[in-house]
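This report goes through selected features of one protein model. Sheets, strand pairing, surface charge and salt bridges are taken in turn.

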Amino acid sequence: MEEPSRRSFLSGSLATIAGISGYGLQDDVVVNAVSTNRELTESVESVFKLVPAEAAIDGEYRTVLLADATEVESTDELTYQTRAIIEEIDALEASNVDHVVSARGSESGLFGGAVGSFDAPKPGEKHKRDGEWRIADTGEFAVASNSGQLAFAGGAEDNRVAGVEAAVDVAQDEAESVLDTTEYAATAFDRLGESRLVYLLLATDDGWLPMADNIAAVAAGFEQQPNEIEGTTENEYLLFVDGSLDKASAEQAVRELEPAQVVKLELSRTNGVVHATVVAKQPPERDREAAPTARIQAMRDGSAISFEHTGGEPVAASELELWIDGERVSEPIDGQRLASGDSFAVEADALATVTLRWLDEEQNVYYDYVQRLFGEDAFETEYDVENGQLTLTYTGDQPADPEKLAFRHRSDAASGSEPTEFDDTDELTSGESTTVAGVEMGDRVTVSLDVPARPRGSPTSLVRFHAQPPRVHIHQFGEGVTVRYHNETERDAEEFEILIGDKAVDQQFEDEYETLTRGSQLRLDDLALGEEITVEWVEPDDPVEIAREVIVPHGYVEMSYDDAKGTVDLQYREGPALNAENLSVTIDGEPASTQPNDDYQQYEPEDKLTVEAPPFSFVEMVWEREGESHEIGRTVTGEESIEASYNPDKGNVEFAYVGQQPAKPERIDVVRGSTHQSRDGSEPTAFEMEHDTLTEGDSIQITSVDVDERLSVVLTEDDQGHRTLLGFTPQPQWGFSFDERDGKIVALYRGRSTRDASSFRILVDGEESDLQPDDVHDRLEHGAEVNLGEFAAGTTLTVEWVVPEQPYEVRTHTVTPDVDFAFDLDAETGTMTIEHDGGDAVAADELTIAVHGGSEGRQRNAWTQSGSRVTEGDSVSVDIGTETDNSREIHVAVLYKNRRALDHGELELSK
């Protein structure tokens, strides 16, 4: 997974704030005493009463976020984390929520609460009631809800249900909250609780970059979304210091945390808490298109770093900033501009982070031509699992300054081990090594440059080591398995043992390999169903199980419902012969009256079983043996038995039952909105209110339906999760698609609901087509076609829904040219040439070149050929850069009207 940025955290992701490097810790900050106590508002105090103490979740909180939504009308105005919670839980809306708290546990998931003006919501499948509190589960969250209050918990179902039960205890003043017990929480939210967003980071040892050991926690209060700052804003920070922190280091820490550009910074300190007030302005935005189109390379040249302009437009020297190790280098370029062929060099340590940035201060935009970490491949690691020792060896060509290195050893038991050094050497040379002791399985060791990560995002991590068992994958095919080694690190084959049950198999990795490399695999055939395959890593004294798989039948049972007879046919289509005694068929979780062993001893492909089942029932066939079970077939009866139609004059939707078997109306209900939920049975369903028994033709009316409102017919009794039988929106959002067949265009109706053909109109470049859907069909059913004929490339076809007063565009399609392109890559110059290689002529302004994989990053360029038409033989060149140490694939596509790919190529850039 890609590492999150600090700004990603500050914009509401579940990562951690990171990026404070250690500094000399001498004198305390000179202070003007500032109180960190303020009285919490009633809303803030009440929302924290929905978050249980750490003891109740059997873990520790890593981050806590408080969001003020009192003046928010749309979830778009909220951070990602808060928005996701409100959108996931039915009955919560941005307009009726005042505050939301979310706390991320170290291992136990997400816990939090929301307070506002909403009525007592009823999301999810009810578990139980506790006084006025309804406890339920939505499949994503467990929820405890009351009028104006809602507690939620994510993670494993048992943990999340227990989490909201603990939250109810807090709300009823029967237990303590996160604010009562979590260190630093009361101070952080008392002081910053009136901010729009408040973050408390308690896991300062688990960030992207090491945080100074004596900064125990960080809190931040923001008035704007940190990732969308406009104009000028004022933010506040609290650094909870365990020890002494000098003023320069405190200021540097705040500057690293601040997502915008600092204009003014004031510091004070009271009782171990450094308080910072920051006035900041909107940071510059990355804009590749605004920067001069140039390629600039940086490379090591002895004790210096050399920069060379290798092609493209010249860049004004006054617009370039060079940063080395977080410090800006003044006037590194001799001259007014940097043009193709120009170069300059700057002395720098062998281990250095380097950024060459183009900055337009007036437009507040930037682009980094170079952002590199020199020395990231200059260390080798060797882990001795028996003794718990990690050896780090420097392999760089140039001597390095060991004083620049910051070590961090993190584990579940402790963090910030004793400082590690390279034998007190003044100069680090190739071959020198050091050992980190006490590295247990699961621990992480990082080595980074002890320099500011400036400009923001500059990489500083040199080594990231995670002590974990090697990865081995077991892949089952038929009645055998493939065991595949999946690590980049080579290992002796004899370090692994494959077992069936508790006995080693005859065939082992060491029989075929001396050393395992990524992709090394072993195939085991003819394994019995139910056998358990395990792979153990036997290098440690106590072998570690690293993979496990139980052999289950990879069979497929096709299930079809006969509505006329009220029966389900279960036909075994493929798979091994199965002992019928190991098979069972259930209907809504209860054994069916007919079982496979009634008719068969061995259930083999093409065998068929028929069972009776009413409409809207779950039918499953499961293989079971020695405690292991595996589903080989599942269906819901009567899924096609509901049809929908829309009356635009009355704004009503009719749902009609078209099945031939009598059905229980309480089995299905209608849900309005996007969140489907199970019911607790306390109220009758929409169908149940109108009918005692559903028979063919019975229907219900849903009134006052907006054209873009979604209605869903759902099963009401599904302990396997939510199940939608029919989703319907009056406005046919995806009703049509277009298909190009042998140069002719066919319009296909894709909607599930049958509609009047006269409800749709087809336009060709804005004018009505000669052939309309109602010329071919009276009613449109799924798969209905309208053959429109041939059209020239660039013609735009549009399907409109004409029922409302203002026609609605259902689908638009542009006829694409039939054209081929050839792609050629010059690795020396980093130039790719794309040539029209035959086919239709295309307007140049309708073509875009999309490139991914070059050192320039992802980019899109307009076709820059002069002239209005691109014909066979015409070509265009794109700069992709040459900065690479290894082979790299370059993917390029020619896009038509910036959307449809006409042709694409994959080339390899090697150096």
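Glutamate 514 is exposed, with a relative accessible area of 71%. Here buried means under 20% relative accessible area, exposed over 50%, and partly exposed in between, with a 1.4 Å probe and protein chains only. The model is predicted: local features need pLDDT of at least 70, side-chain atom pairs count only at pLDDT 80 or more, and totals for chains, interfaces and linings use all residues. Residues are numbered from 1 along each chain as its sequence is written, and side-chain values use heavy atoms, with hydrogens and water left out.

Glutamate 514 lies in the loop between β33 (503–504) and β34 (515–516). Helices (H or I, at least four residues) and strands (E, at least two) are DSSP runs, numbered from the N terminus. Glu514 also belongs to a surface patch of negative charge, whose members include Glu386, Asp492, Asp506, Glu510 and Asp542. Patches are made of residues with over 30% relative accessible area and no salt bridge; like charges are joined within 9 Å, and nonpolar side chains (Val, Leu, Ile, Met, Phe, Trp, Tyr) within 5 Å.

Strand β33 is part of an open sheet of four strands in the order β33-β32-β36-β37, with antiparallel pairing. Its edge strands, β33 and β37 (544–550), each pair on one side only. Two strands pair if DSSP finds at least two bridges between them. Antiparallel strands β32 (residues 496–500) and β33 are joined by two bridges, and leucine 499 stands opposite alanine 504 in β33.

Another open sheet of four strands runs β42-β41-β45-β46, again with antiparallel pairing. At its edges stand β42 (590–591) and β46 (628–636), each with a single partner strand, so one side of each has no neighbour in the sheet. Within it, β41 (residues 583–587) and β45 (residues 618–625) pair in the antiparallel sense over five bridges, with serine 584 opposite valine 622.

Strand β63 (residues 831–839) has antiparallel pairings with β62 and with β68. Seven bridges connect β62 and β63, and five connect β63 and β68. Glutamate 835 stands opposite alanine 822 of β62 and has serine 875 as its bridge partner in β68. β62 and β63 form a hairpin with four residues between them, and glycine 830 in the turn has a positive phi of about 70°.

Side chains alternate along β62 (residues 819–826): Val819, Phe821, Phe823 and Leu825 point to one face and are buried, while Asp820, Ala822, Asp824 and Asp826 point to the other and are not. In β68 (residues 875–879), Val876 and Val878 are buried on one face, whereas Ser875, Ser877 and Asp879 point to the other and are not buried.

The structure holds 25 salt bridges, a salt bridge being a side-chain nitrogen of Lys or Arg within 4 Å of a carboxyl oxygen of Asp or Glu. Examples follow.

| Salt bridge | Closest N and O atoms |
|---|---|
| Aspartate 173 – lysine 49 | 3.4 Å |
| Arginine 255 – glutamate 251 | 3.1 Å |
| Glutamate 631 – arginine 634 | 3.9 Å |

Aspartate 173 and lysine 49 are 124 residues apart and link distant parts of the chain. Aspartate 173 is exposed at 59% relative accessible area, whereas lysine 49 is partly exposed at 34%. Arginine 255 and glutamate 251 are separated by about one helical turn because they are four residues apart in helix α8 (residues 247–257). Glutamate 631 is partly exposed at 39% relative accessibility, and arginine 634 is partly exposed at 30%.

Methods
Areas by Shrake-Rupley, 256 points an atom, 1.4 Å probe, with all protein chains shown as cover. Lys, Arg positive; Asp, Glu negative; His and termini not counted. Charge placed at Lys NZ, Arg CZ, Asp CG, Glu CD.
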